[in-house]
Amino acid sequence: QLQLVESGGGLVQPGGSLRLSCAVSGFTLDYYAIGWFRQAPGKEREGVSCISSSGGSITYADSVKGRFTISRDNAKNTVYLQMNSLKPEDTAVYYCAAAPVTPGSSWCSPSHRYYGRDYWGKGTLVTVSS
């Protein structure tokens, strides 16, 4: 059964750091691009970052460039999102999602429409507050 599980969220002060993990099971990560998304209360879901199956192509939303870093360890079937210099406006539920691709593909997209309904985790809450 295909499953994505996010972890690593929590309460952090402004300027602090968190590392989110997206552990996948039921499929081989090599065949998927992975995206990180977030949704704050009352706001639309936003694409934060994505990484291709090869890891060679990465994108970031302008709001997180220079602060967030996405990486993947296919051997561990896990994708990470290192978040530094966190701001209150980063407060949201963070989700990871998978999109099937050809192994070694350089494709990924920060648009949620490319990630099927069955390829999403349940999210982890990140709260940035003093």
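**Reading a sheet and a salt-bridge network**

Mentor: In this predicted model, an open sheet of four strands runs in the order β1-β3-β8-β7, with antiparallel pairing.

Trainee: Which strands form the edges of the sheet?

Mentor: An edge strand pairs on one side only, and here that applies to β1 (3–7) and β7 (68–73).

Trainee: By how much are neighbouring strands of this sheet turned against each other?

Mentor: The average is 15°, with direction ignored.

Trainee: How many bridges link β3 and β8?

Mentor: Strand β3, residues 18–25, pairs with strand β8, residues 78–83, over six bridges in the antiparallel sense.

Trainee: Which residue of β8 is the bridge partner of A23?

Mentor: The partner of A23 is T78.

Trainee: I should now like to turn to the charged side chains. What is the general idea of a salt bridge?

Mentor: Side chains of opposite charge can pair when their charged atoms come close. As for this model, the structure holds four salt bridges.

Trainee: Which side chain meets E46 in a salt bridge?

Mentor: The side chain of R38 does, with an N to O distance of 2.8 Å.

Trainee: Are E46 and R38 buried, partly exposed or exposed?

Mentor: The reading rests on relative accessible area: buried means under 20%, exposed means over 50%, and partly exposed lies in between. E46 has a relative accessibility of 28%, so E46 counts as partly exposed. R38 has 6%, and therefore counts as buried.

Trainee: What other salt bridge does R38 form?

Mentor: R38 also forms a salt bridge with D90, and the closest N and O atoms are 2.9 Å apart. R38 lies in strand β4 (residues 32–39), while D90 lies in the loop between β8 and β9 (92–100), so this pair ties together parts that are 52 residues apart in sequence. R38 and D90 are both buried.

Trainee: Which arginine, with closest N and O atoms 2.7 Å apart, forms a salt bridge with D90?

Mentor: That residue is R67. R67 lies in the loop between β6 (58–60) and β7, and D90 in the loop between β8 and β9, so the pair ties together parts that are 23 residues apart in sequence. R67 is buried, as is D90.

Trainee: How should these pairs be read together, and which residues belong to one network?

Mentor: One looks for shared partners. Salt bridges with partners in common join R38, E46, R67 and D90 into one network. Within that network, R38 pairs with E46 and with D90, and D90 pairs with R67.

Technical notes
Residues are numbered from 1 along each chain as its sequence is written. This is a predicted model: local features need pLDDT of at least 70, side-chain atom pairs count only at pLDDT 80 or more; totals for chains, interfaces and linings use all residues. Side-chain values use heavy atoms; hydrogens and water are left out. Two strands pair if DSSP finds at least two bridges between them. Helices (H or I, at least four residues) and strands (E, at least two) are DSSP runs, numbered from the N terminus. Axes are lines fitted to C-alpha atoms, for helices over the stretch in contact, and angles run from 0 to 180 degrees between N-to-C directions. Buried means under 20% relative accessible area, exposed over 50%, partly exposed in between (1.4 Å probe, protein chains only).
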